[in-house]
Amino acid sequence: MPSGVKIWNWLATMYKGSISLEAPMIYAIMFLVLFAIGGLTGLFLGALAVDVNLHDTYFVVAHFHFVMMGGTFIAYLAGLHYWWPKMFGRMYSEKAARWSASLVFVGFNLTFLSQFLLGSRGMPRRYFNYMEQFQPLHVLSTVGSWVLTLGLLLMLGYLIASLAGKRGAPDNPWGSATLEWRTASPPPPHNFEETPHVTRGPYDYHPEKVAV
């Protein structure tokens, strides 16, 4: 129930919002989709009549990864991309970030959606060997892991490249209304050189010209 409430809470936050699909928002939407799948598949494991067949199968492995990696790790990547300009004062390649997000999303789902199918067909976890009928889905899952790894390596590449690049980050690259974006990127030792002057609320998003 708490997870279900939070999903609707996050969706309601986005409702009628002016959504800008830069990398942080793309990862945030990915988080919502993957975490919702993880939560919904947990219902099957919580129902005794179904869990008798799914217990200790690859279905449990897939459910765990959708909740922990699809939820926690993808949300971490959203935060990392959002705060990177503020932490280091450098902008990464938005085009590369979108490609990376696409590879991560496709690779993750290839890897673990196929494991839901494996588990529902009786493939037990923690076995190094298996019947021939499971081979195609294992191959699909393996290929998915390669795509996922490629996306993460691309991410590592453009983030490191941004540190060595000359493209400095503006103080407020996202046009945010909250106070942390009223200071320099990266911030000075005490965060603000002078007390910021508040002229609008944290959700008062009027059109604002932002140098990206």
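## An all-helical chain and its aromatic contacts

Phe35 counts as buried, because its relative accessibility of 16% falls under the 20% limit for that class. The model in which Phe35 is found is predicted, and its aromatic side chains are a convenient place to return to once the overall fold has been described.

The protein chain has six helices and zero strands. Read along the sequence, its pattern is therefore α-α-α-α-α-α under the helix and strand assignment used here. The C-alpha trace spans about 65 × 40 × 30 Å along its principal axes. Of contacts between residues at least 6 apart in sequence, 75% join residues that are at least 24 apart.

The surface can be described in similar terms. Buried residues account for 35% of the 212 residues in the chain. The chain exposes about 12,900 Å², and 67% of this area is supplied by carbon and sulfur atoms. As for charge, there are 14 positive and 11 negative side chains, and the centres of these two sets lie 5 Å apart.

Among the helices, helix 5 covers residues 94-120 and contains 27 residues. From its first C-alpha to its last it reaches 39 Å, close to the 39 Å expected at 1.5 Å a residue. Helix 5 is followed by Gly122, which has a positive phi near 105°.

Positive phi values also occur at two residues that are not glycine. Asp56, with a phi of about 65°, is one of them; Asp56 sits in the loop between helix 3 (48-54) and helix 4 (58-88). Its relative accessible area is 30%, so Asp56 is classed as partly exposed. Asn191 has a phi of about 75° and belongs to the segment after helix 6. With a relative accessible area of 45%, Asn191 is likewise partly exposed. The segment after helix 6 (135-164) also holds Pro186. The peptide bond from Ser185 to Pro186 is cis, with omega near -5°.

The aromatic side chains may now be taken up again. The structure holds 15 aromatic pairs. One of them joins Trp10 and Phe35, whose ring centres are 6.3 Å apart; the pair is edge-to-face because the ring planes meet at 70°, over the 60 degrees required for that class. This pair links distant parts of the chain, since Trp10 belongs to helix 1 (residues 2-14) and Phe35 to helix 2 (residues 23-46), with their positions 25 residues apart in the sequence. Whereas Phe35 is buried, Trp10 is partly exposed at 27% relative accessibility.

A second pair is formed by Phe73 and Tyr76, whose ring centres lie 6.2 Å apart; their planes are at 25°, so this pair is stacked. Both residues lie in helix 4, three residues apart, which is about one turn of the helix. An α-helix has 3.6 residues a turn, so residues three or four places apart point the same way. Phe73 is itself partly exposed, because its relative accessible area is 28%.

Beyond individual pairs, a cluster can be traced. Phe44, Phe59, Phe66, Phe108, Phe112 and Phe116 form one aromatic cluster. Its members include Phe44 of helix 2 (residues 23-46), Phe59 and Phe66 of helix 4 (58-88), and Phe108, Phe112 and Phe116 of helix 5 (residues 94-120).

How values were computed. Residues numbered from 1 in each chain as written. Predicted model: local features only at pLDDT ≥ 70, side-chain atom pairs only at ≥ 80, totals over all residues. Heavy atoms only, no water. Helix = DSSP H or I, 4+ residues; strand = E, 2+ residues; numbered from the N terminus. Buried < 20%, exposed > 50% of the residue type's maximum accessible area, 1.4 Å probe, protein only. Contact = heavy atoms within 4.5 Å. Areas by Shrake-Rupley, 256 points an atom, 1.4 Å probe, with all protein chains shown as cover. Lys, Arg positive; Asp, Glu negative; His and termini not counted. Charge placed at Lys NZ, Arg CZ, Asp CG, Glu CD. Expected span 1.5 Å × (residues − 1). Phe/Tyr/Trp six-rings, centres within 6.5 Å; stacked < 30°, edge-to-face > 60°.
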